Amino acid sequence: MTETQRPVQSGEVTITAGEVTLHGDLVIPQASCGLVVFAHGSGSSRFSSRNRYVAGVLNDGGLATLLFDLLTAEEHAIDQYTREFRFDIAMLSERMIATIDWLGSEAAVKGCLLYTSPSPRDARKYLVCRLL
């Protein structure tokens, strides 16, 4: 990362979604023109080396990134055995909406164009794009 690409803001964030607190990693490069959200619901997490690599490439290109988990650590541990949370679309959707609303209140990303897709496997029709 060059001096001009140094992030203005980088670190762990917490997002309140109903009665739970979600954790994520937000990186906002200087002169960021957009924001890409990586939402993890099961299987992998925000610590996925593949998604961290992709996020780094996007950061180097001037895009902000948020990698976050839709499940709490406790839910993730239970879901590994029961799979009861990964298909709770209503709960996951509420948490995704809470996260997008949280982003809309963050001054550091005001005016950014937001891109999000719940999974790389999803069709383009699920892509969400809006101005924060």
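Reader: Let's start with a single rung of the sheet. Which residue in E4 is the bridge partner of alanine 39?

Author: That's phenylalanine 68. Strands, like helices, are DSSP runs numbered from the N terminus (E, at least two residues, for strands; H or I, at least four, for helices). Bear in mind that this is a predicted model, in which local features need pLDDT of at least 70 and side-chain atom pairs pLDDT 80 or more, while totals for chains, interfaces and linings use all residues. Numbering runs from 1 along each chain as its sequence is written, and side-chain values use heavy atoms, leaving out hydrogens and water.

Reader: Okay, now from one bridge to a strand pair. In which sense do E3 and E4 pair, and over how many bridges?

Author: Pairing takes at least two DSSP bridges between two strands. E3 and E4 pair in the parallel sense, over 7 bridges. Leucine 35 belongs to this picture too, with alanine 64 in E4 as its bridge partner.

Reader: And E2, does that run parallel or antiparallel to E4?

Author: Antiparallel, with 4 bridges joining E2 to E4. Look for valine 27, which stands opposite threonine 65 in E4.

Reader: How many residues of E3 are buried?

Author: Go by relative accessible area (buried is under 20%, exposed over 50%, partly exposed in between, with a 1.4 Å probe and protein chains only). In E3, residues 34–40, 7 of the 7 are buried, so the strand is largely enclosed by the rest of the structure. Gly34, Val36, Phe38 and His40 point one way, while Leu35, Val37 and Ala39 point the other, and all are buried. E4, residues 63–69, reads likewise: 7 of the 7 are buried, so E4 is largely enclosed by the rest of the structure. There, Leu63, Thr65, Leu67 and Asp69 face one way and Ala64, Leu66 and Phe68 the other, all of them buried.

Reader: How many residues does the largest nonpolar core have?

Author: Think of a core as buried Ala, Val, Leu, Ile, Met, Phe, Trp, Tyr and Cys residues joined through side-chain atoms within 4.5 Å. The largest one here has 26 residues, and those with the most contacts inside it are Leu26, Leu35, Val37, Leu66, Phe68, Met96 and Leu103. Strands E1 (7–17), E2 (20–29), E3 and E4 and helix H3 (89–104) each supply at least two of its residues. H3 gives the largest share of this core, 7 residues. Another core, of 5 residues, lies apart from it, with Phe38, Ala55, Leu63 and Leu67 among them.

Reader: What about a charged residue in a loop? Is arginine 46 buried or exposed?

Author: Arginine 46 is in the loop between E3 and H1, and with a relative accessible area of 7% it counts as buried. To see its surroundings, list contacts (heavy atoms within 4.5 Å). Not counting residues up to four places away in sequence, arginine 46 touches Glu12, His23, Gly24, Asp25, His40, Arg52, Leu67, Phe68 and Asp69. From arginine 46 to aspartate 25 it's 21 residues in sequence and 7.4 Å in space, C-alpha to C-alpha. For contrast, try valine 57 in helix H1, residues 49–60: valine 57 is partly exposed, at 43% relative accessible area.

Reader: Zooming out, what pattern does the protein follow along the sequence?

Author: It goes β-β-β-α-β-α-α-β-β, which comes to 3 helices and 6 strands. Of the 132 residues, 42% count as buried. Among contacts with a separation of 6 or more, 55% come from residues 24 or more positions apart.
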